[in-house]
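Me: I have a protein with a ligand here and would like to understand the reasoning behind its description. Could you take a look with me?

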Amino acid sequence: MINNYSLSHRNQEPESGVLYMVGTPIGNLNDLSYRAINILKNVSLIACEDTRHTKKIMNKFNITNNLISFNKHNSFSKIPRIIKDLKQSKSIALVSDAGMPGICDPGENIVQAVKLEGLDVICVPGPCAALTALISSGMPSSSFIFEGFLPKKKIEREKALSKISQNEKTTIIFESPHRLKNLLRELLNYCGGDREIEIARELTKKFEEHIGTNINNAIKSFEEKEVKGEITIVIKGIVKSKGNDLMESELKKELKELLDAGLSLSSASRYLAKKTGHKKSIIYNLM
Ligand code: SAM
């Protein structure tokens with residue numbers, strides 16, 4: 001039973017028995033909010049992904065407080081202890097290494113577990129790489145799709161890429177620098193070289209860069225370079241015409257007929273790709 005709680009008349013923060021999910025900088029330490037500093041200074045303890053990392057922020061803002069580690073390896077075993085502390089009226093802040101805890105970071109599961117115990121969770125908003133990249137890209141941002149890191153397993157990854165190729169909304173994805181070139185090649189294969197893209201590198205940091213225009217140009221700009229730093233990718237959605245929908249349903253129909261006639265999905269897709277000029281991977285993923 002999730003508590004009904006009013007946010008408009010909160011007492012002085014931090015309140016006892018409350019879990020605060022606190023957003024922290026994604027690079028530029030000056031992005032830590034005044035409210036976040038107050039919470040981090042005054043909670044009973046801070047649960048953080050990496051104590052060394054959080055200590056850097058604490059030193060910068062003269063925050064001294066108790067730290068416990070809460071990361072992807074120990075989060076499930078730490079949740080009961082945090083709930084026990086909250087029930088004993090402690091106030092706790094949870095932070096990740098960067099940005100909003102819970103966005104591809106530890107923190108997602110604890111909110112539900114704490115709320116199920118009837119305890120309060122308050123989010124203290126801060127920077128988020130996905131939104132920072134989206135806004136700086138200038139692409140449509142009122143409605144968008146955030147995919148996080150794409151799956152590594154082949155079939156799931158192909159499905160995700162195929163979905164992205166058909167998205168009408170802007171898509172945001174995270175990728176590590178050493179896998180970026182491979183991802184760009186995959187995007188070329190699924191979306192075509194003309195698809196508008198922006199690669200946001202090192203957001204809010206000294207060497208912040210926005211590389212893009214389209215997939216072909218993005219590939220060219222990284223051709224001779226080692227990719228370094230943190231990367232978020234923003235991909236523009238397609239404009240789907242009625243004709244496109246019709247084409248997709250006709251392709252599906254033909255594909256199904258070929259499969260019913262005994263062809264493998266791979267052979268049927270290859271045949272239709274030759275016949276229609278569409279990419280085999282797109283046809284393959286229609287089923
Ligand atoms: N919770 C974080 C947030 O709210 O932004 C995201 C954490 S996720 C584990 C880390 C990924 O976020 C990185 O691999 C990168 O894709 C993206 N990222 C984080 N900081 C970034 C930055 N300064 N510039 C570009 N991308 C960044």
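Reply: Gladly! Keep in mind that this is a predicted model. The shell around the ligand holds 12 nonpolar, two polar and five charged residues.

Me: What makes a residue part of that shell, and which come nearest?

Reply: A residue counts if one of its heavy atoms lies within 4 Å of the ligand. There are 19 such residues, and Met100, Asp105, Ala129, Ile231 and Thr232 come nearest.

Me: Why is the ligand said to lie between domain 1 and domain 2?

Reply: Domain 1 (8–127) and domain 2 (130–235) both contribute residues to the shell, so the ligand lies between them. Strand E7 (170–175) and strand E10 (231–235) each provide at least two shell residues.

Me: What makes the pair formed by threonine 232 and the ligand a polar contact?

Reply: The cut-off is 3.5 Å between N or O atoms. A polar side-chain atom of threonine 232 is 2.8 Å from a ligand nitrogen atom, so the pair qualifies. By the backbone, isoleucine 26 places an N or O atom 3.0 Å from a nitrogen atom of the ligand, and a polar backbone atom of leucine 203 is 2.9 Å from a ligand nitrogen atom. The protein covers 91% of the 580 Å² of accessible area that the ligand has on its own.

Me: Why is cysteine 104 singled out?

Reply: Most residues other than glycine have a negative phi. Cysteine 104 is not a glycine, yet its phi is positive, about 55°. Cysteine 104 belongs to the loop between strand E4 (92–95) and helix H4 (108–116).

Key
Residues are numbered from 1 along each chain as its sequence is written. This is a predicted model: local features need pLDDT of at least 70, side-chain atom pairs count only at pLDDT 80 or more; totals for chains, interfaces and linings use all residues. Side-chain values use heavy atoms; hydrogens and water are left out. A polar contact is a pair of N or O atoms within 3.5 Å; within protein, one must be able to donate a hydrogen and the other to accept it, and residues adjacent in sequence count only if both atoms are side-chain atoms. Accessible areas come from the Shrake-Rupley method with a 1.4 Å probe; for residues, only the protein chains shown count as cover. Helices (H or I, at least four residues) and strands (E, at least two) are DSSP runs, numbered from the N terminus. Ala, Val, Leu, Ile, Met, Phe, Trp, Tyr, Cys and Pro count as nonpolar, Asp, Glu, Lys and Arg as charged, and the others, Gly among them, as polar. Domain bounds come from an automatic or database domain assignment.
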